[in-house]
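Colleague: Please give me a close look at one part of this model, and then at what can be said beyond that part. Kindly state the cut-offs behind each term as it arises.

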Amino acid sequence: MASATASDLQISSQPPPQSLNTSASTQFPTVNIGTRNSALALVQANAVKQALKDANPDRTFEICPVMVHGDRDKITPLQQLSQGENAKSLWTGELESMLEKCDLDIIVHCLKDMPTHLPDNLLLGAILEREDPSDALIISPRLPKETTLATLPQGATIGTSSVRRAAQLRKLYPHLKFADLRGNVGTRLGKLDAEDSQYSAIILATAGLNRIGFANRISQKLTSSTGGMLHAVGQGALGIEIRRDDEVMQSMLSKIRCERTTRACGAERALLRTLEGGCSVPIGVETTWRGGKGLAVGAQPAKDYDKHGAALEVSEPDLDDQELVLKTLVVSVDGTEFVEHEAVRKVRSAEEADDFGKEIAKVLIEKGAGKILEQIKVEKQWGAKKQLEAMGVLPGTA
């Protein structure tokens with residue numbers, strides 16, 4: 001199987017471990033698919049299960065939901081909960097432990113929640129075709145339907161648990177206020193719709209809303225051209241994590257991976273890895289393809305028509321002939337300082353995409369992104385210390 005990203009994947013020649021759970025309908029072991037135990041995660045896992053079943057009809061697959069630490073604690077603000085070197089283990093730690101012990105054969109992740117540094121014996125086995133990666137604004141039913149970010153009233157409160165989203169919005173719309181909002185998609189929508197809700201609007205990922213049937217709640221899609229927002233690294237894509245030595249799963253996943261998404265997300269993840277950022281750091285990206293169909297999803301307008309008015313099919317240019325456009329932004333938590341950069345390059349492999357992301361990260365650091373991220377790190381450490389003092393774990397200071 002071709003690699004997902006140059007830094008994430010290395011294929012071993014060791015034979016794969018064999019599961020003891022054998023399907024009654026086949027002579028092959030059942031493939032156990034690990035996932036978070038939420039409505040959205042289960043929809044995503046089932047989509048992967050179906051894709052794998054279609055590509056490997058002789059195999060049997062089983063969904064194994066797990067309640068991870070980040071889902072169990074729905075009260076602590078995400079910025080406080082994610083203290084530490086590897087904040088994203090909140091969503092992956094228990095699942096990875098089960099994968100290492102062979103209780104699971106693969107894990108289905110929202111790629112944006114996957115750490116860019118994985119355990120040595122695990123790897124990112126495949127990235128699937130990307131859904132719409134944009135963020136989405138959902139307006140309170142108490143406000144006019146045509147309300148947008150720009151027309152929200154002075155002092156309106158936006159609900160979000162994302163530091164990235166809040167930081168960008170503070171930069172663009174300083175008249176707005178922000179309040180932490182956690183829980184699954186249904187819970188967040190319920191908090192927005194409540195009669196006594198403090199929120200005028202909330203922001204969620206477009207892909208998640210589409211996948212679980214809430215696309216009709218989207219008031220405005222937020223991109224660099226509509227709302228001025230850049231999305232999270234890997235947003236909209238599903239990543240599948242496997243054991244490094246599991247060549248059987250590597251072969252199976254090679255049938256459902258998406259090269260186009262792999263290269264785009266590979267550049268994004270290399271950027272994030274080089275900047276040493278995580279899900280609680282305000283780094284935004286936006287990748288599109290120039291010379292092809294971009295990263296748009298769904299039906300696209302025809303470029304030409306025949307004499308009868310019928311749309312003519314236009315062949316997609318070879319991916320190697322297209323250029324990857326990567327927009328990036330690093331912004332301080334209060335939105336007052338930021339560094340941005342945009343670059344374009346042909347990336348003809350996962351390795352070239354990885355190099356592209358690293359080079360852009362270095363440019364951002366030269367422009368001052370390193371100072372912004374270091375200040376955020378200091379502020380987080382100070383916040384963690386004050387929290388421990390408040391809990392009585394550390395002595396307070398006068």
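Modeller: In the hairpin of β12 and β13, six residues lie between the strands, and Gly-335 has a positive phi near 80°. The model is predicted, so local features need pLDDT of at least 70 and side-chain atom pairs pLDDT 80 or more, whereas totals for chains, interfaces and linings use all residues. Residues are numbered from 1 along each chain as its sequence is written, and side-chain values use heavy atoms, with hydrogens and water left out. Strands (E, at least two residues) and helices (H or I, at least four) are DSSP runs numbered from the N terminus. Residues 323-331 form β12 and residues 338-345 form β13; the two pair in the antiparallel sense over eight bridges, pairing requiring at least two DSSP bridges. Within this ladder, Leu-326 has Ala-343 of β13 as its bridge partner.

Turning to helix α9, this element covers residues 259-275 and includes Thr-261. Its 17 residues should span 24 Å at 1.5 Å a residue, and the end C-alpha atoms are indeed 24 Å apart; the expected span is 1.5 Å times one less than the number of residues. Because 15 of the 17 residues are buried, α9 is largely enclosed by the rest of the structure. Buried denotes under 20% relative accessible area, with a 1.4 Å probe and protein chains only; Thr-261 has 3%. The side chain of Thr-261 reaches the backbone nitrogen of Arg-130 at 3.0 Å. Thr-261 also touches residues including Ile-127, Ala-237 and Gly-266, sequence neighbours up to four places away not being counted; contact means heavy atoms within 4.5 Å. After α9 comes Glu-276, with a positive phi near 60°.

Technical notes. Buried < 20%, exposed > 50% of the residue type's maximum accessible area, 1.4 Å probe, protein only. Polar contact = N/O pair within 3.5 Å; in protein donor to acceptor, adjacent residues only side chain to side chain.
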